[in-house]
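Hi,

Here is the structure I said I would pass on. Have a look at it first, and my notes follow underneath.

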Amino acid sequence: MTDSFVLHQYGADAFNARYQDQDGRAAFSVSPASHNPNLIVKLSREALWSQHHPGTMGPDAAYFYFGPSRPSYSSVYGAGTPTPTPGFIVYGNNRNSIPMGHLRRQNREGSPSRYFTAQSGRDYKWKITAQRMELTDGRTTLAIWELSQPHEPFDARITIKQAGLALVTEIMTTLTINRMSENLGWA
């Protein structure tokens, strides 16, 4: 049994990317679902990929419902560009919504690390640097996302440990919201 799984990220835009495994199977995709009146982005886990990894659990999709857009002066899209404000996330067809800020809490002012509580009630920490993000449960590393080298055909890779399959959609959701917030200049 494999101890970890590598997904290649194609697309540098946090709002529109696809992830494939090393065999070329589609694993996840992130794409806009609507923009009327506010932006909605969908993260989808592919059924065929899940079938190849029996430990995969949890919802097969997450929806990012953003708040109204406002001019931003810290967005990578340019000063004054209308930028979505934080909203909430819904997993699958669940009726419960989770505020985006709750999935990227900062425990110490000035720290680049972000925390979230999974649906299981356990807390997790993303250690964030410019080139890399590492997810831990306090003792064990569950996933590592890192930008690719210029000669590689993909934009980034995420390595997910076997133990992370039980919450793989939550891992991908919080990775995506951290990348989105970085692009949008959210504190």
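A word on terms before the sheet: two strands count as paired here if DSSP finds at least two bridges between them. Also keep in mind that this is a predicted model.

**The sheet**

With that rule, 12 strands come together in an open sheet, and the pairing is antiparallel. Reading across, the order is β9-β8-β5-β4-β3-β2-β1-β14-β13-β12-β11-β10. The edges are held by β9 (98-99) and β10 (114-117); each has a single partner strand, so one side of each has no neighbour in the sheet.

If you want a place to zoom in, try β1 (residues 4-10) and β2 (residues 17-21), which run antiparallel and are joined by 4 bridges. Which residue of β2 stands opposite Leu7? That would be Asp21.

Then there is helix α2 (residues 168-184), which lies across a long list of strands, including β1, β2, β3 (26-34), β4 (40-45) and β5 (61-65). Also on that list are β13 (141-147) and β14 (156-161). Relative to β4, the helix runs at about 145°.

**Charged pairs**

As a reminder, side chains of opposite charge can pair when their charged atoms come close. How many salt bridges are there? The count comes to 7.

Arg132 is a good one to click on, since the residue turns up in two of the pairs I noted. With Glu134 the salt bridge is 3.1 Å from N to O, and with Glu146 the N to O distance is 3.7 Å. Arg132 sits in strand β12 and Glu146 in strand β13, so this pair ties together parts that are 14 residues apart in sequence. Are these side chains buried or exposed? Arg132 is partly exposed at 31% relative accessible area, and Glu146 is partly exposed too, at 25%. Glu134, at 15%, counts as buried, because the cut-off for buried is under 20%.

Elsewhere, Arg25 and Asp23 meet through their side chains in a salt bridge of 3.2 Å, N to O. Asp23 is exposed, with a relative accessible area of 62%. Salt bridges that share partners join Asp21, Asp23 and Arg25 into one network. So you will meet Asp21 twice: in this network, and opposite Leu7 in the sheet.

**Aromatic rings**

A search of the whole structure turns up 7 aromatic pairs. One of them is Tyr10 with Phe154, an edge-to-face pair with 6.3 Å centre to centre and 75° between the planes. Tyr10 lies in strand β1 and Phe154 in the loop between β13 and β14, so the pair ties together parts that are 144 residues apart in sequence. Phe154 is buried, at 8% relative accessible area, whereas Tyr10 is partly exposed at 22%.

Tyr63 and Tyr65 make another aromatic pair, this one tilted, with 6.4 Å between centres and 40° between the planes. Both are partly exposed: Tyr63 has 23% relative accessibility, and Tyr65 has 28%.

Which residues do ring pairs link into a cluster with Trp186? They are Phe15 and Phe66.

That's what I have for now. Shout if anything is unclear.

Cheers

Note on methods. Residues are numbered from 1 along each chain as its sequence is written. This is a predicted model: local features need pLDDT of at least 70, side-chain atom pairs count only at pLDDT 80 or more; totals for chains, interfaces and linings use all residues. Side-chain values use heavy atoms; hydrogens and water are left out. Helices (H or I, at least four residues) and strands (E, at least two) are DSSP runs, numbered from the N terminus. Contact means heavy atoms within 4.5 Å. Axes are lines fitted to C-alpha atoms, for helices over the stretch in contact, and angles run from 0 to 180 degrees between N-to-C directions. A salt bridge is a side-chain nitrogen of Lys or Arg within 4 Å of a carboxyl oxygen of Asp or Glu. Buried means under 20% relative accessible area, exposed over 50%, partly exposed in between (1.4 Å probe, protein chains only). Rings of Phe, Tyr and Trp (its six-membered ring) pair if their centres lie within 6.5 Å; planes under 30 degrees apart count as stacked, over 60 as edge-to-face and the rest as tilted.
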